[in-house]
Amino acid sequence: MDSIKVFSPGSITNLSCGYDILGVCLQNRGDEITVKKIDKKEIIINSNDDYNISEDINKNVAGIAAQALLKNTKTKFGFEIEIKKGIKPGSGIGSSAASSAGTVFAINQLLDSPFSQMDLIKFSMEGEKFVSGTYHADNVAPIILGGITLVRSIDEIDVIKLPSPKSLEVIIIRPNIEIKTSDSRKVVKNKIKIEKMVQQSANLGSFVSSLYTEDYGLMSKSVVDVIVEPNRRILIPEFDKIKEISKEDGAIAVGISGSGPSIFSLSNNSTVSEKILKSVTNHYEKLNISYDGFISKVNSTGIKIIESN
Ligand code: HSE
């Protein structure tokens with residue numbers, strides 16, 4: 001195989017109760033990444049989008065992740081990477097993760113898959129460290145594994161794939177502003193009260209249980225953030241109102257997607273999802289806030305190969 005094109009999807013993370021450890025792979029929105037082998041041992045990036053993404057391999061997450069992978073191989077050839085971004089950077093649905101994970105996945109295929117999924121998560125995390133300042137695998141893990149994932153450890157990468165209830169749907173509304181992950185992480189407090197830690201741990205445990213039992217009532221009570229959301233919500237236009245409207249329309253839970261500004265709602269009924277999407281987009285339209293809004297099922301397979309030859 002000399003060339004491969006993949007679709008690397010978006011993801012939502014944290015799910016309110018699992019800061020830096022929970023993630024969901026989306027079906028809609030994603031980057032198209034084409035990687036070709038080249039004779040010279042180097043990495044070349046061509047960005048094909050409207051976002052002015054750097055083509056410098058030391059400033060582009062795909063280049064950074066690709067270099068982390070190549071340090072662990074003895075390959076004689078290099079790679080030309082073309083990225084057509086389908087996710088706006090700084091949108092809270094894993095834009096950087098889609099580029100870095102999709103790139104290392106594609107290179108691994110061209111090398112006949114010497115690396116495991118956990119290795120690919122590790123290489124992709126170098127891109128996440130570059131954009132956010134700290135290592136976290138909550139976006140890259142569900143993109144590479146598919147479905148809903150829980151990152152138990154990033155020292156020695158250990159990720160658990162959780163069950164995805166079949167009827168679970170995600171409604172995303174993204175106000176058209178950019179929030180840099182590094183900035184959004186600055187408002188997260190380093191110290192928390194033990195009572196909050198206890199409450200959040202209970203929420204996380206009961207959320208995981210709700211996935212196994214498909215108990216949406218329990219899910220609704222568990223997808224609650226008492227630690228991070230109270231500080232981040234002010235960064236997002238109309239966050240409280242969007243939450244209120246979505247809940248009125250029957251959302252199981254509503255929260256900040258990743259580091260924002262996207263807001264996610266969960267639903268287990270397509271009619272309810274459509275109703276939520278309509279209400280929240282109407283609200284932004286009334287206030288002249290430009291947005292992107294969509295509904296996605298959980299993508300259980302993750303990165304998809306579009307073509308290879
Ligand atoms: N868990 C991360 C955060 C996701 O909330 O900052 C952003 O990439």
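Tutor: A polar contact is a pair of N or O atoms within 3.5 Å. Keep that cut-off in mind; the model is predicted.

Student: How far is an oxygen atom of the ligand from an N or O atom in the side chain of R232?

Tutor: R232 is one of the residues around the ligand. The pair joins a ligand oxygen to an N or O atom of the R232 side chain. The cut-off for a polar contact is 3.5 Å. The separation for R232 is 2.8 Å.

Student: Which side chain has an N or O atom 2.5 Å from a nitrogen atom of the ligand?

Tutor: The residues around the ligand include N14, D138 and R232. For N14, the ligand atom is an oxygen, at 2.8 Å from a side-chain N or O atom. The nitrogen atom of the ligand has its 2.5 Å partner in the side chain of D138.

Student: What percentage of the ligand's accessible area does the protein cover?

Tutor: Residues around the ligand include T13, Y19, H136, T181 and S259. On its own, the ligand has 260 Å² of accessible area. Of this, the protein covers 95%.

Student: At what angle do helix 1 and helix 2 pack?

Tutor: Helix 1 spans residues 61-70 and helix 2 spans 95-110. Their axes are 8 Å apart, and the crossing is right-handed. Helix 1 contributes V61, A62, A65, A66 and L69 to the contact. The packing angle is about 35°.

Student: How many charged residues does the contact of helix 2 with helix 3 have?

Tutor: The axes of helix 2 and helix 3 come within 9 Å and cross at roughly 150°. From helix 3, the contact takes L120, F123, S124, E128 and V131. The contact divides into 7 nonpolar and 4 polar residues, and the charged count is 1.

Student: Which residue is joined to P261 by a cis peptide bond?

Tutor: Most peptide bonds are trans. P261 lies in the loop between strand 8 (253-256) and strand 9 (263-267). Omega of the cis bond is about 5°. The partner of P261 in that bond is G260.

Student: What is phi of S16 near?

Tutor: Most residues other than glycine have a negative phi. S16 sits in the loop between strand 1 (3-13) and strand 2 (22-38). Phi of S16 is positive, near 65°.

Notes:
Residues numbered from 1 in each chain as written. Predicted model: local features only at pLDDT ≥ 70, side-chain atom pairs only at ≥ 80, totals over all residues. Heavy atoms only, no water. Axes fitted to C-alpha atoms, helices over the stretch in contact; angles between N-to-C directions. Helix = DSSP H or I, 4+ residues; strand = E, 2+ residues; numbered from the N terminus. Left-handed = near helix turned anticlockwise from the far one by under 90°. Contact = heavy atoms within 4.5 Å. Near = heavy atom within 4 Å. Polar contact = N/O pair within 3.5 Å; in protein donor to acceptor, adjacent residues only side chain to side chain. Areas by Shrake-Rupley, 256 points an atom, 1.4 Å probe, with all protein chains shown as cover. Nonpolar A, V, L, I, M, F, W, Y, C, P; charged D, E, K, R; others polar.
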